[in-house]
Amino acid sequence: MSEQKLSEEKVFKDPVHRYVHVQDRVIWDLIGTKEFQRLRRIKQLGTTFLTFHGAEHSRFNHSLGVYEIVRRIVDNVFKGRQGWNEEDRLLALCAALLHDLGHGPFSHSFEKVFSLDHESFTQKIILGDTEVNKVLQTVDASFPKQVAEVIAKTSEKKLVISLISSQIDADRMDYLLRDAYYTGVSYGNIDMERVLRVMRPQEDQVVIKKSGMHAVEDYIMSRYQMYWQVYFHPVTRSGEAVLKKLLHRAKYLYNHSYSFKHEPRHFYTLFSEQTTLQDYLNLDETVVLYYFQVWQEEEDEILKDLSSRFLNRNLFKYVEFDPAVEYKKYKELTDLFKAAGIDPDYYFAFDSSSDLPYDFYRPGEEEERLPIHLLMPNGELRELSTESEIVEAISGKRRTDHKLYFPQDLLYDESKEGPIKKQIRKLLGIE
Ligand code: CA
């Protein structure tokens with residue numbers, strides 16, 4: 001194992017953490033790889049910039065931030081403490097830096113439409129024939145595999161995994177602070193310094209000293225607020241709805257031998273769902289937005305219209321919808337859209353968002369979550385919701401929100417479909 005230090009520390013100015021410090025040669029070299037630099041061209045929050053115009057920050061920003069938080073934990077808090085193995089330092093830093101490496105452009109929408117999985121691409125980039133792999137190999141031949149296993153959560157090093165992926169981890173802390181900063185909302189402003197200072201390494205997890213419980217409560221409430229105020233914002237989801245419809249249309253046209261004026265070469269293997277690593281790496285948001293720009297000149301009316309809607313933020317409107325009670329209405333509306341000459345496959349969408357703010361361990365449930373443990377003054381561990389009334393009140397409570405999305409502007413005209421459109425408006429409750 002070779003751990004080479006840089007002759008002089010490098011620093012990146014960062015608006016959230018002020019500075020990101022790099023002392024290790026391997027970290028510096030990883031940042032310089034083309035696979036990592038690609039993250040500059042992928043926004044952290046996908047379509048959120050359509051709602052909060054400041055949210056243009058990239059996955060590159062966030063990845064450096066997660067790295068810096070882990071660095072502060074291991075170098076300033078864990079170092080020299082019992083329970084922390086200094087040999088895992090570089091592993092933790094590399095896994096933090098690379099945890100989001102496999103994200104693609106507008107990840108959520110692309111993954112749904114093209115059946116992709118960013119986590120499997122993260123593994124492929126780390127283990128495949130890439131610059132990142134070569135840099136990791138300089139540490140040790142088995143190092144790429146060790147890093148990949150921490151990110152995939154299959155590693156035996158549970159403590160290292162919990163630094164990057166648990167209910168209170170460096171990933172979540174960075175995105176809350178960073179997304180709050182760039183969107184301009186105040187909810188995500190947690191006292192991270194306080195949380196870091198009370199973190200303690202235990203055999204298989206990071207635990208929190210009891211005296212830091214209030215900072216953790218604040219973090220959990222912030223996260224809850226950020227989900228509903230930012231991440232699940234209905235306008236952001238409308239942007240995603242338009243984007244998914246647009247990608248579906250392009251895929252449909254390709255698979256039905258439509259002849260594009262602007263051949264979507266970069267999308268071919270996505271459309272046929274046989275994406276190679278190289279094709280995937282060549283795709284970023286600048287490439288995708290280029291196609292949306294030129295598709296505005298296509299013959300196909302739907303492709304043209306949806307491209308223009310996305311680029312010019314002429315999004316879908318939405319209404320609340322309860323699928324348990326109103327399931328008949330959904331079918332009825334689908335038929336009416338067809339009758340009105342508005343293809344429901346591309347202009348009518350149902351979307352649900354759902355979040356579980358905190359949960360204790362429930363064996364056998366589909367998303368088993370590691371709980372947050374408090375370290376009591378007598379050395380005992382207690383699960384957070386047994387000590388905190390605030391956390392107990394929201395533990396295990398899932399909140400779900402359902403909406404219907406549609407282009408309201410197409411529902412008003414005096415054409416022969418006018419009366420059908422009036423019926424649609426009535427059913428949607430927008431009359
Ligand atoms: Ca992340």
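What is the handedness of the crossing of H5 and H13? In this predicted model, the crossing of H5 and H13 is right-handed. To view it, select helix H5 (residues 107–114) together with helix H13 (residues 234–255); the two pack at an angle of about 35 degrees, and their axes are 9 Å apart. Then display the side chains of the contact: H5 contributes His-108, Ser-109, Phe-110, Lys-112, Val-113 and Phe-114, while H13 contributes Glu-240, Leu-243, Lys-244, Leu-247, His-248 and Lys-251. Coloured by class, this contact of H5 with H13 shows five nonpolar, three polar and four charged residues.

Next, select helix H3 (residues 59–78) and helix H10 (residues 170–183), whose axes come within 9 Å and cross at roughly 130 degrees. H3 and H10 are therefore oblique to each other, and H3 passes H10 in a right-handed crossing. Residues of H3 in the contact include His-62, and those of H10 include Asp-171. By class, the contact of H3 with H10 comprises seven nonpolar, three polar and three charged residues.

Now select the calcium ion. Its protein donors are His-62 (NE2), His-99 (NE2), Asp-100 (OD) and Asp-171, the last listed with two OD entries, at 2.3 to 3.0 Å from the ion. The donor residues follow the sequence spacing H-x36-H-D-x70-D. His-99 lies in the loop between helix H4 (89–98) and H5, and Asp-171 lies in helix H10, so this pair ties together parts that are 72 residues apart in sequence.

Finally, show the accessibility of these two donors. His-99 counts as buried because its relative accessibility is 9%; Asp-171, at 16% relative accessibility, also counts as buried.

Terms used:
Residues numbered from 1 in each chain as written. Predicted model: local features only at pLDDT ≥ 70, side-chain atom pairs only at ≥ 80, totals over all residues. Heavy atoms only, no water. Axes fitted to C-alpha atoms, helices over the stretch in contact; angles between N-to-C directions. Helix = DSSP H or I, 4+ residues; strand = E, 2+ residues; numbered from the N terminus. Left-handed = near helix turned anticlockwise from the far one by under 90°. Contact = heavy atoms within 4.5 Å. Nonpolar A, V, L, I, M, F, W, Y, C, P; charged D, E, K, R; others polar. Parallel < 35°, antiparallel > 145°, perpendicular 65-115°, else oblique. Donors = N, O, S within 2.8 Å, 3.2 Å for Na, K, Ca; no water. Buried < 20%, exposed > 50% of the residue type's maximum accessible area, 1.4 Å probe, protein only.
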